[in-house]
Protein chains: 2
Amino acid sequence: MTRITAVETHDVRFPTSLSLDGSDAMNKDGDYSATYVVVRTDDPDLAGYGFTFTIGRGNDVCTLAAARRSEPLVGRDVAAVCDDLGGTYRDLKSDSQMRWLGPDKGVEHLALAAVMNAVWDLAARRAGKPLWRLLADMSPEALVEVADMSYLSDALTKDEAVALLAEMEPTRAQRIADLEASGYPCYTTSAGWLGYSDEKLARLCREAVDAGYSHVKLKVGADLADDVRRCSIAREVIGPDVHLMIDANQVWDVPQAIDWVKELAQFDPLWIEEPTSPDDVLGHAAIRRAVAPIGVATGEHGMNRVLFKQMFQAGALDFCQLDSARLASINEILAVYLMAKKFDVPVCPHAGGVGLCELVQHLSVFDYVAVSGTLEDRVTEFVDHLHEHFTDPCVVRDGAYVLPSQPGYSAQMHAASVAAYSYPDGSYWATQHPRPAAV
Amino acid sequence: MTRITAVETHDVRFPTSLSLDGSDAMNKDGDYSATYVVVRTDDPDLAGYGFTFTIGRGNDVCTLAAARRSEPLVGRDVAAVCDDLGGTYRDLKSDSQMRWLGPDKGVEHLALAAVMNAVWDLAARRAGKPLWRLLADMSPEALVEVADMSYLSDALTKDEAVALLAEMEPTRAQRIADLEASGYPCYTTSAGWLGYSDEKLARLCREAVDAGYSHVKLKVGADLADDVRRCSIAREVIGPDVHLMIDANQVWDVPQAIDWVKELAQFDPLWIEEPTSPDDVLGHAAIRRAVAPIGVATGEHGMNRVLFKQMFQAGALDFCQLDSARLASINEILAVYLMAKKFDVPVCPHAGGVGLCELVQHLSVFDYVAVSGTLEDRVTEFVDHLHEHFTDPCVVRDGAYVLPSQPGYSAQMHAASVAAYSYPDGSYWATQHPRPAAV
């Protein structure tokens, strides 16, 4: 019998505030960071790797929460854990004392995501499959059994969920073949960070189009005149046929969002992303009604499945941007995909940060293969930062993610990266200058 | 000039799981705990005390978060902090790297509550007033300036808020006199914890009525037959004229909540509290429509002002039970009281736990004096546990809170209690047996 012998947690921080990579109207100087979790077993060739993503300070708080949350795993039989991923999730999640600190939100939920992401990686490695294929090989009943359907029955029952999946099951193989041929379409945010100069913006937009992207995203929301100028530059460079998306990162109140977006409507944006508080279901619904046909997108701060349920019920969303490291791993993400299917909302996962692209490629492939069965209105975020720290980095070719083929969730970091960027004692933080101003 | 010299944080846990005090359908074995914060100054006679409340495991995570959040306070001029409580709050809250971990929810928000509760306590002590009077002496403009009105303008503008407060200002003094004569009405939950026997339930209900309470609350939701039997006992003991409230602590999905509450309607409950996920605005609205005239109450897990805004907008609540240690202190609580006034929803704050009764008495007094101006449909929770650990414990007489008179927010614990119950090295945890099973 193989047992879990230890769960390591690491506070890993990259000094991205030095270059303003990732700068937007709300997050001016993030240091992209990971609460990185390694599930060790007594088989030296088998471990599970996972993380949640943060932007610097507070990553120590998340790391402590992940350590506490993972304690019950130590000593368990790996087969029992991996053969009952629903039960493992429910068991870790159900600690009522920790539940008080949420429930299902904030640091405790991010930490649960980090731990369960590592458990899913472990299960996929043990099965010798990339995560998307582990999921695509599961029956509708097995998928619904692992999904966290609690508090959702007024929107989607388990029986309905099984039926949705069963309808797509006979044609899964064909869709896998489709994606093996062409990849899963993505878009780039790398062009449009708020801290970049107009010249850099224009150059990156041109490079994006040349690289085959059909969608380009810009950060907006700090200053209206700047936004008009930057959108104008981008639209001129990309031409009328490439989609332009705009992203405000939650800086506006609801009435302000409506007014501001109307000023930018002249640049024909496909969507306005995060126009206001991520918690504001009714606010997003009001904005959507006011700015149509511009779509409303949100979800990277969507705290849990109950928030997404309401977004769907209220007709608040045109694009669901769930986050692979904020929702509590596949167990909860599955439930959101199933609801999105029922409510006919395309899921375009949030990515970027550290390692989120590595995770979301698995989600999008699985969605096409087993849930939605369509690529219409779907495009997954891609940001070309920090992939060099991963042992199985995502590959993007002609504006599409190439299907991951190695076993696991593509979540393992190089040991040297973890060692160098561990905070505060890794070699980078202990010795490098200049240090980011933010620290 | 007086400066803040240090901010201490303490992980304080009381072994309440031993007696099943506080047991309910969701939280079977909590160890009532405080993330306790002390703001020290270079004046040995001036400090600020505050906390947030948790139920055991994870309190270390909250304590670390409070320590990190409070770091910017050290070295500041006490006068500058206390004379600009809005600016101090916004400054502490606006750390964008930490914001990523919420925003405004979970551990980081609880930690901000603990720190800012201590800052408000400091400000009230410095002014030589109980907190409720510090607030009642502020102008409408000053109150709105300290309130966190971000993301709320679609429901309540600052100008509207000032007008609401200004209307009540001329008659504040009369209402203070009213409450000094009769206290602020409260109800007791101490009778109805789920872990208590039928005999203990009946005895405690009888004692509550004899002590002058006009409202009694029972925990429900674990087993329908048990609930019918326990409600029947309670109703028989308290008679038809005392209000009975029932509290499910979030155990139901929406359809299940509706069915279950209809089974208990025969006992004429005033409200059903926390029937489902605290995040589910639309779910609460659906339940409210289905179970009327039974009222819907929620809020102890209401994560922030944006959640309450939507609860009001959706018509989801009959009683708003905001929590003094989950919302980010007076700054955010004020915004919720102001919205409740506009939407005409009575606020009946959640209390109990450790020290929450000490805090909420200030809130309810302030609400009556300066915001709502009425006691109609208002009753504030009181649970008779753990008050002995506080230096200025609340006093309840004839079913009403007696107005606090000492300077501050009544949040200071005895040093001996902090020392004994600090986890894991305080004298209780280091030496006592039996230890709670939950630890």
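In which hand does α1(B) pass α5(B)? The crossing of α1(B) with α5(B) is right-handed, where right-handed denotes a near helix turned clockwise from the far one by less than a right angle, and left-handed an anticlockwise turn.

## Model and conventions

This is a predicted model, in which local features need pLDDT of at least 70 and side-chain atom pairs count only at pLDDT 80 or more, while totals for chains, interfaces and linings use all residues. Residues are numbered from 1 along each chain as its sequence is written, and chains are lettered from A and ligands numbered from 1 in the order in which they are written.

## Chain A

Chain A contains 18 helices and 12 strands; these are DSSP runs numbered from the N terminus, with helices (H or I) of at least four residues and strands (E) of at least two. The C-alpha trace of chain A spans about 65 × 55 × 45 Å along its principal axes. A compact globule of 439 residues would have a radius of gyration near 22 Å, and the 21 Å of chain A agrees with that. The radius is taken over C-alpha atoms, and the globule rule is 2.2 Å times the number of residues to the power 0.38.

## Relation of the two copies

Two copies of a chain are related by a rotation about an axis and a shift along it. Here a turn of 180° with a shift of 0.0 Å along the axis lays chain A on chain B with an RMSD of 0.0 Å. That is the relation of a two-fold axis. The superposition is by least squares on the C-alpha atoms of residues with pLDDT of at least 70 in both copies. Among the residues of chain A, G106(A) comes closest to the rotation axis, with its C-alpha at 2.1 Å.

## The interface

Chain A and chain B each contribute 52 residues to the contact, two residues being in contact if their C-beta atoms, placed from the backbone, lie within 7 Å. On the side of chain A that touches chain B, the helices that each supply at least two residues are α1 (59-70), α4 (96-99), α5 (106-127), α12 (254-264), α13 (281-291) and α14 (305-313). The most comes from α1(A), with 6 residues.

By class, this side of chain A has 23 nonpolar, 18 polar and 11 charged residues. Nonpolar covers Ala, Val, Leu, Ile, Met, Phe, Trp, Tyr, Cys and Pro; charged covers Asp, Glu, Lys and Arg; the others, Gly among them, are polar. Since 100% of the interface residues of chain A are also interface residues in chain B, the copies meet through the same surface.

## Helix packing around α5

In chain B, the axes of α1(B) (residues 59-70) and α5(B) come within 8 Å and cross at roughly 60°. That makes α1(B) oblique to α5(B). Axes are lines fitted to C-alpha atoms, for helices over the stretch in contact, with angles from 0 to 180 degrees between N-to-C directions. Angles under 35 degrees count as roughly parallel, over 145 as roughly antiparallel, 65 to 115 as roughly perpendicular and the rest as oblique. V61(B), C62(B), A65(B), A66(B), R69(B) and S70(B) of α1(B) meet residues of α5(B) that include V107(B), E108(B) and L110(B).

Helix α3 (residues 85-93) of chain B packs against α5(B) (residues 106-127) at an angle of about 160°, with the axes 11 Å apart. The two helices are therefore roughly antiparallel, and the crossing of α3(B) and α5(B) is right-handed. From α3(B) the contact draws on L85(B), T88(B), Y89(B), L92(B) and K93(B), and from α5(B) on residues including L112(B), V115(B) and W120(B). The residues of this contact divide into 9 nonpolar, 1 polar and 1 charged.
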